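Hi everyone, thanks for coming. Please pull up the sequence and the 3D view, and I'll walk you through a few spots worth finding.

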Amino acid sequence: ITPKQKASSSRDIEEFIESATGPQLEEALKDALKKPIGDAASIGLRVGAEELLEQVGVNVDLLDDKVLAALEEQVQSMLNKVAKEVSKRTRESLRLLANESADAETLHAAVTDYMEGTSTADGVDARARMVARTEAARAFNEGSVATFETAGVKMKRWKTNAGACEFCRAVKRERPTVGVREKFYNQGHVLKGVKGGTMTLDYEAISSPPLHPNCRCYLAPSR
């Protein structure tokens with residue numbers, strides 16, 4: 001194969017990858033995730049209202065336009081962010097597959113396996129499910145925050161469940177309470193666990209749980 005042919009083939013592969021992971025994939029992901037994330041945010045809204053009543057004696061109308069508008073804004077922001085992140089990671093993984101594949105036929109087979117989730121790399125569906133679980137937990141907590149904010153509560157508290165990992169326990173110890181729209185940690189922060197381990201928060205800033213996949217922490221209002 002000549003250098004010219006190789007360059008042409010590389011361009012074709014890159015165009016294919018960009019096409020496979022572009023706006024169409026992002027829209028499909030948003031459609032698939034809209035219900036689980038929206039449902040989780042709605043549940044978080046109700047739980048947040050219960051926490052408000054129990055912890056600080058404030059009753060909130062969950063049908064209030066401001067509450068619903070805040071919830072919708074949070075859900076849409078999450079959907080956009082998740083779709084872009086999954087698309088980006090998929091694009092990066094496909095480029096790695098392209099670099100490892102010797103010819104177009106091998107690449108096509110590898111890409112098909114990847115997209116269907118049958119290769120050693122996780123499939124897009126599996127990735128989307130993992131992201132959906134994590135973001136549904138985040139939507140739950142952001143739904144609670146929307147309720148706190150509407151009620152005029154100024155602070156939120158990080159709460160852990162039994163069996164919490166060393167890093168979640170570290171958050172509770174280091175920064176148990178912050179402003180209702182304040183971040184617990186900025187992106188890139190290196191969190192030291194209570195047992196001495198470290199976790200780099202490289203995905204995004206932490207404004208609410210989850211701190212990691214399968215995290216069961218939650219937020220409560222605080223005066």
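Let's begin at Asp39, which is partly exposed, because its relative accessibility is 36%. In this predicted model, Asp39 has a charged partner: its side chain meets that of Lys35 in a salt bridge, with 2.7 Å from N to O. Lys35 has a relative accessible area of 59%, so it counts as exposed. How far apart in the helix are Lys35 and Asp39? They are four residues apart in helix α2, which is about one turn.

Stay in that helix for a second pair. Glu27 and Lys30 form a salt bridge too, and their closest N and O atoms are 3.0 Å apart. Helix α2 covers residues 23-56, and because Glu27 and Lys30 are three residues apart in it, about one helical turn separates them. Now, is Lys30 buried or exposed? Lys30 is buried, at 16% relative accessible area, while Glu27 is partly exposed at 42%. The cut-off that matters here is 20%: a residue under that value is called buried.

In the whole structure, the search turns up eight salt bridges. Let me show you one more of them, away from helix α2. Please find Arg138, which makes a salt bridge with Glu204; here the closest N and O atoms lie 3.1 Å from each other. Where do these two residues sit? Arg138 belongs to helix α5 (residues 124-150), whereas Glu204 is in the loop between β4 (198-200) and β5 (218-222), so this pair ties together parts that are 66 residues apart in sequence. Both partners are out of the way of the surface probe: Arg138 is buried at 7% relative accessible area, and Glu204 is buried at 15%. There is a third member as well, since salt bridges with shared partners join Lys81, Arg138 and Glu204 into one network.

Keep Lys81 and Glu204 on your screen, please, as we turn to empty space. Rolling a probe the size of a water molecule over the atoms reveals where space is left unfilled. The second largest pocket has a volume of about 340 Å³. Which residues lie nearest its centre? Of the 15 residues that line this pocket, those nearest the centre are Gln74, Lys81, Glu142, Glu204 and Ser207. So Lys81 and Glu204 turn up both here and in the salt-bridge network.

What kinds of residues make up the lining of the second largest pocket? Seven are charged, four are polar and four are nonpolar. Helices α3 (65-100) and α5 each supply at least two residues of that lining, and α3 gives the most, with four.

My last stop is the sheet. Three strands make up an open sheet, in the order β2-β1-β5, with antiparallel pairing. Which strands are at the edges? They are β2 (177-179) and β5, each of which pairs on one side only. From one strand to the next, the twist averages 35°. If you zoom in on β1 (residues 155-159), you'll see that it pairs with β5 over five bridges, in the antiparallel sense. To pick out one position, look at Arg157: its bridge partner in β5 is Ala220.

That's my tour, and I'm happy to go back to any of these spots with you.

Definitions and conventions: Residues numbered from 1 in each chain as written. Predicted model: local features only at pLDDT ≥ 70, side-chain atom pairs only at ≥ 80, totals over all residues. Heavy atoms only, no water. Salt bridge = Lys/Arg side-chain N within 4 Å of Asp/Glu carboxyl O. Buried < 20%, exposed > 50% of the residue type's maximum accessible area, 1.4 Å probe, protein only. Pairing = 2+ DSSP bridges. Axes fitted to C-alpha atoms, helices over the stretch in contact; angles between N-to-C directions. 1 Å grid on protein atoms, 1.4 Å probe; cavity = no way out; pocket = protein on both sides within 12 Å on 5 of 7 lines; lining within 4 Å. Points joined across faces, edges and corners; volume = space filled by probe spheres on them. Nonpolar A, V, L, I, M, F, W, Y, C, P; charged D, E, K, R; others polar.
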